[in-house]
Amino acid sequence: MENMQRSAVLLCVLAVGFAFCGISSASDRYVSLKEHQTDNTTLSAHLHPKLYFDQIQLRLLKQRATTTHRHIFKAIQNAVSAMLSNAAVYQPPVSHEDFGKKWNEIYGNNLPPLALYCLLQPEDATASQFLIEYMDRMVEYPDWTVSSAPNDEVPIAHSLTGFATAYDFIYTFLDTRRRLQYLKKIRSVTEELFELSKHRGWGKQFLQNHQTTNILAILIGALVAGEHNDPETMIWKQISVNYMEKTMFLLSHIVDGSLDEGVAYGSYTAKSITQYVYLALRHFQIDNTQNNWLRAHFMFYFATLLPGFQRTVGIADSNYNWFYGPESQLVFLDAYVLRNGSGNWLAGEIRKHRPKDGPMMQSSAQRWATLHTEYIWYDSDLTPQPPPEFNKASMYVFSNWGVVTYGAGLPQAQGNTFVSFKSGKLGGRAVYDIVHAQPYSWVEGWTNFNPGHEHPDQNSFTFAPNGQVFVSEALYGPKYSYLNNVLVFAPSPTSQCNQPWEGQLGECSKWLRWGEKEVGDTAGEVIAASSHQDLLFVSGESVLAYSSAMKLKSVYRALVLLNSQTLLVLDHIEKHKRSPLSSLSAFFHNLDIDFRYVPHRSFGKYNGALMDVWDAHYKMFWLDAQGSSPVARIQEAEQAAEFKKRWTQYINVTFSMENPVTRVAYLMHGPYVKVSDCRFVDNSKNGVKISVTLNDTETVVSVATNYLDIEARHGYLGFAGFAKTEDSRRIVQFGRGIQTLPSQVAKDFMFDFGLVVNISALLCNAQSKDSSINDEKDSSVHDLLPIITITSMPGSGAEVLQHLFDNSSDFVYLRIPSTFLRFPVSSFVSLVDACEWSKADAQNGRFRVIQGWFHSVVHNVKLHLQNIQLHQSNDETENKVKVKGQRKRRMLLSDNPRTKGTHMDIVYIQELRQHLVKYPNARPVLNMGSGGWFLKLPYLQEVIGHSLRSVHVVRDPRAWIYLMLYSSKPSLYLRKNIKRHIANIFKQNIDGVDQGCAIVDSQFLPLKKILSQPDPNPVQLLAQLWLAHNSAGLKVSASLPPHTYLIVKFEDIVCFPEETARMIHNFLGIPVAPAALNQLTFATSTNLYNLIYEGDISPAKINTWKENMAVDEIKLIEDTCWPVMERLGYKRHTVSHSFL
């Protein structure tokens, strides 16, 4: 938290012109314009190139043109050949009027690769002459504005970036007149953009392509002009760096590496971000290469690719693929961030499969714009290799973006099917939360963002069986809901276009109208996402994307991929009693003009559509729960897109929704499956069952529609998930596993819709990564909704798991002890506790007060919380109004309510009460912060019952002891008087029983000997304590049923948050929500979440002990703790540390 605050202060100081170290110039000597005019000999000595490389590095770049980089150089060479062969298209026109009459970014974009070619091949006089004439024409123009868009500075920024970069590259080949003339132009345009940044929207709107493009242009102009000792360029650099460092800080909140504007515009923004990161490191020694957004950004390209490496998901204003790159961005990620060869591999696959013609061909204005940076950044030492996910269909969740993809990054082949689903918050989860919680003083709500390129597309999806797009996005275009694969409703009192129909908030304009009433609160949510083999389930809620005047209660859509050919889509719509709505329309798009939808009727009873792809038939049909299947309208539209028109064809099917609940199913399939029937077989309050006959085998799909109630889901499906499928061979519980039925069961198999079949004992169960701990566990899991406890030694970081369970309809997270939630007899549960409580203790009625307290909490937590007397001075109702915003703000700022006094403790209890009013069946999660509960699990198991599931968090003893002794002054060891707590273990109470318990493990006895020394060694004492506690806990837990406890390493939570979250939820028998994955990943990777005792955490910080602890202390810890360390999967420190 302190780091974040310091960053924010630094950035704000920079905004008023504070010059921090390094922001001056990369050169060792400055030459002023006046010197240029009086001493020509200084012009070619040393000033350029400096922007991306210097003269020494240039020699290496020239050598690589014929060796390691020849494939990229060939692309540059081909680009230059194309320019030279068609100068009328690629060279700026003689007339300024002609230059300004169209969007002219092409001229700035093509300059850097052209200039780099001339630098690498100076003997090519034709290219050099072409370049000089090119730049002469641009420098003669009075301005670089597009006359039809005088208030849009983006084309100016492209021209400036390209011109200044080219100037830096070829400076040594220019005569004095051109050096001065070009430099004057660079300076004047940079100054112009800088002044405009003060009052244009892009000057304050972060994470948007205009902002990054224009600010980078100012920075590049300032860097190039700054080499000539121009003092005014200092402030341009400072302000540009300020903007971009704020951008990087905000990006660090986006843990999935995505950008809300989609892949096409995302590649545009990322082009500038990667260039900035490189330039900031080169010129100012500002290192952003470990920014967690950058570390995740590779998947934004890989997991959005349709089979064949040519086309991407078209979410938001998109082309068929990328606007810029992405080869440059990918090789940058490989060279400076990932270092694993995946970026080089994907860049190569994309280049190899680039379409040579047709609509997926890259625009002539953009196709070569990043060749120069690709060439400069490419690291040939990184052998191209695909990521581990390659060549098998897998699911990927963009938890911030609200996007799920399946089957991405595969070759084009039969059976390689792609599915995407989108249901997210406006701006993405991080931006949305920042806007609403307002944690940073320099962010003023939506004023500082611009989601205008987003679409009204919550709960939209695409389907491409065998890689053939059957349902697609409509791509870049006006923001109408009917141009997206979503639902619209009628009659709506707030309809603004297409009356009486209304779709999602913000529609009816060229750009999303994000500034209007309610639009800023638009939020979809991916509720569930899981895949097993060739099956996928994903669902989302989009009710908050619609006007409140419609009085909708739920707009829930679920997708079930039954095999590579077949997708079932279910819409569940609930409305309030006074809703004016009586009809809904669904839309499905196809952009391929060669393969059009035509009407088709299935089984003689269901209306639908067919798409004929070279005699392979792709079909869809639909029906509601009453069996109605209305005829659809198949329509065409041509809308403005970028600077052209784009055609789309779409299906529009309308259903009546007279009842409070409406359910509609759509079945879509490819040619390599036989579909012979589809029908609703159950339509109840909590869910639906749909029977589909595929290849003469009946499959029943069950979907829980009362998805916010975990007990309702459990009752309907037989487990706590969201959907399942059943056929004669297997039962699939999505998010949990697959049961293959025995042959006799399969033979006699029949569906009994009145019974819930208990199959959990046979389900595949995820194992812990620490096989030595968990391999011996019985894989059976009881079908009980769990009551969860979290135990750990203090300082082990278990509190980070709050982010896995908080803000969830499935759980209510309780911190114990806290001001109003604490054990009734505190002497039983001290900071260091060696007492073992057994099953017999519970059976014999020992510690009855504790037993009663647990019964109260776990069996009726709502009543327990209501009975807490808060003694508040203000009216509770007044406080309730503030709770929601306070909670979001606290999570973003990592405020810990325990440190904020009584008021925040009261707010905490109020939040819990309100949570349980909304979700009365949420399962309690008790994080018991005192240290001894791991030794009492048998007692807890007997008191709470078979539903208890315990998660115990362990931490590397070296990191734990470092935290206790060295992470703060005075040390935690002294502040908490750990030595006294350890001594208390051996004190006798009045009954002569240690600490109220009959058993103290023998591993604790050596502590007595250490304490008897005149000056006990704290390292030895703490190491023995860690060993004693964990060895005793492992021995105690071994007597428990294996499915009732799970040991999790803190290091795994921090370094592998998604994998660890899934492991924990598999253990609990409850699918993990994408929102929970996002929360935990945010807490562990952004340096913005603080642990109680040690501040912010991240993968880079969990091994601080390696650099800061003495070698002999590390060895003492390892020698003492090794038996348990090895069992838990920890390794000895490397010998190399001894040389530090």
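**Exercise 1.** Why does C118 count as buried?

*Solution.* Start with the ground rules: this is a predicted model, where local features need pLDDT of at least 70, side-chain atom pairs count only at pLDDT 80 or more, and totals for chains, interfaces and linings use all residues. Residues are numbered from 1 along each chain as its sequence is written, and side-chain values use heavy atoms, leaving out hydrogens and water. Next, the cut-offs: buried is under 20% relative accessible area, exposed is over 50%, and partly exposed lies in between (1.4 Å probe, protein chains only). C118 has 5% relative accessibility, so it counts as buried. Try C1121 too: it sits at 0%, so it is buried.

**Exercise 2.** Find the disulfide and describe it.

*Solution.* Look for cysteine sulfur atoms within 2.5 Å of each other. That rule gives one disulfide. The partners are C497 and C508, with sulfurs 1.9 Å apart. The pair links distant parts of the chain, 11 residues apart, with both cysteines in the loop between β5 (487-490) and β6 (525-532). Now check the handedness: the S-S torsion is -70°, a left-handed link. Both C497 and C508 are buried.

**Exercise 3.** Work out the order of the four-stranded open sheet and its edges.

*Solution.* Strands are DSSP runs of E, at least two residues, numbered from the N terminus; two of them pair if DSSP finds at least two bridges between them. The order comes out as β5-β10-β15-β14, paired antiparallel. β5 and β14 (633-641) each have a single partner strand, so one side of each lacks a neighbour in the sheet. Finally, zoom in on β14 and β15 (residues 644-656): nine bridges join this antiparallel pair, and Q635 stands opposite Y650 in β15.
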